[in-house]
Amino acid sequence: QVQLVESGGGLVHTGGSLRLSCTASGLTFSNYVMGWFRQAPGKDREFVAALSGTGITTVYADSVKGRFTISRDNAKNMGYLQMNSMKPEDTAVYYCAAAYGASYRGNWVRDAAYNYWGQGTQATVSI
């Protein structure tokens, strides 16, 4: 049974940092593109960042470029999202997702490309 479990959310002030973790089990993690999405209250879920199975190729939403960094450790079946210089508009539930065989990078921003999802972790940025 495949499971993705996020952790590391919390409350920070504007300009602060959080590091989210995603623990994967029940799959060969390196075979999957890892993505992070978020959903703010009253809004649709949106793409944040994605990383190829090899850890070489990244894609970021324009809103987080230069502030967020996605990474992974396949030996530990772990994925990460380092969030720096956080803003109130970053407040959301953050979801980790895994996509098998997603070779076309253009699809990584689409949540339909992902096979498995975590339950989410809340990140809140206060003014």
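Tutor: Before we start, a word on touching: two residues are in contact when heavy atoms of theirs lie within 4.5 Å. Also, keep in mind that this is a predicted model.

Student: Fine. Which residues does Tyr 114 touch, leaving out those up to four places away in sequence?

Tutor: Quite a list: Val 33, Met 34, Gly 35, Phe 37, Phe 47, Ala 50, Ala 97, Ala 98, Ala 99 and Trp 108. Tyr 114 is also among the residues with the most contacts inside the largest nonpolar core, along with Trp 36, Leu 81, Met 83 and Tyr 94. That core has 40 residues, and strand E9 gives the most to it, with 6.

Student: Phe 37 was on your list. Why is Phe 37 called buried?

Tutor: Buried means under 20% relative accessible area. Phe 37 has 2%, so it counts as buried. Phe 47 gets the label too, because its value is 11%.

Student: What makes Phe 37 and Phe 47 an edge-to-face pair?

Tutor: Two steps. Ring centres have to lie within 6.5 Å to pair, and planes over 60 degrees apart count as edge-to-face. Here the centres are 5.6 Å apart and the planes 75 degrees, and the pair meets both cut-offs. Phe 37 belongs to strand E4 and Phe 47 to strand E5, 10 residues apart.

Student: And why is the pair of Phe 37 and Trp 117 called tilted?

Tutor: Stacked needs planes under 30 degrees apart, edge-to-face needs over 60, and the rest are tilted. For Phe 37 and Trp 117 the planes are at 55 degrees, with centres 5.0 Å apart, so tilted is the word. Since Phe 37 is in E4 and Trp 117 in strand E10 (residues 116–117), this pair ties together parts 80 residues apart in sequence. Ring pairs join Phe 37, Phe 47, Tyr 114 and Trp 117 into a cluster.

Student: Is Trp 117 buried, partly exposed or exposed?

Tutor: Partly exposed, because its relative accessibility is 26%; that label covers what falls between the 20% and 50% cut-offs.

Student: How do you know that E4 is largely enclosed by the rest of the structure?

Tutor: Count the buried residues: 7 of the 8 in E4 qualify, so the strand is largely enclosed. E4 pairs antiparallel with strand E9 (residues 92–100) over 8 bridges, and Phe 37 has Tyr 95 as its bridge partner there. With E5, E4 shares 5 bridges, also antiparallel.

Student: How do you know that E4 and E5 count as paired?

Tutor: Pairing takes at least two bridges. E4 and E5 have 5, so they pass that test. The two strands form a hairpin with 6 residues between them, and Gly 42 in the turn has a positive phi of about 75 degrees.

Student: Pro 41 sits in the loop between E4 and E5. Why is Pro 41 called exposed?

Tutor: Exposed means over 50% relative accessible area. Pro 41 comes in at 71%, so exposed is right.

Student: What makes Cys 22 and Cys 96 a disulfide?

Tutor: The sulfur atoms must be within 2.5 Å. Theirs are 2.0 Å apart, so the pair qualifies. The bond links distant parts of the chain, with Cys 22 in strand E3 and Cys 96 in E9, 74 residues apart. Both cysteines are buried.

Student: Why is this disulfide of Cys 22 and Cys 96 called left-handed or right-handed?

Tutor: Look at the torsion about the S-S bond: about -70 degrees, so left-handed.

Student: Last topic, the sheet E1-E3-E8-E7. What makes E1 and E7 the edge strands?

Tutor: Each of them pairs on one side only. The sheet is open, with antiparallel pairing. E7 and strand E8 (residues 78–83) share 6 bridges, while E1 and E3 share 5.

Student: Asn 77 is in the loop between E7 and E8. Why is Asn 77 called partly exposed?

Tutor: Its relative accessibility is 23%, so Asn 77 counts as partly exposed. Beyond its sequence neighbours within four places, Asn 77 is in contact with Cys 22, Thr 23, Ala 24, Leu 27 and Phe 29.

Key
Residues numbered from 1 in each chain as written. Predicted model: local features only at pLDDT ≥ 70, side-chain atom pairs only at ≥ 80, totals over all residues. Heavy atoms only, no water. Helix = DSSP H or I, 4+ residues; strand = E, 2+ residues; numbered from the N terminus. Buried < 20%, exposed > 50% of the residue type's maximum accessible area, 1.4 Å probe, protein only. Core = buried A, V, L, I, M, F, W, Y, C linked by side-chain atoms within 4.5 Å. Phe/Tyr/Trp six-rings, centres within 6.5 Å; stacked < 30°, edge-to-face > 60°.
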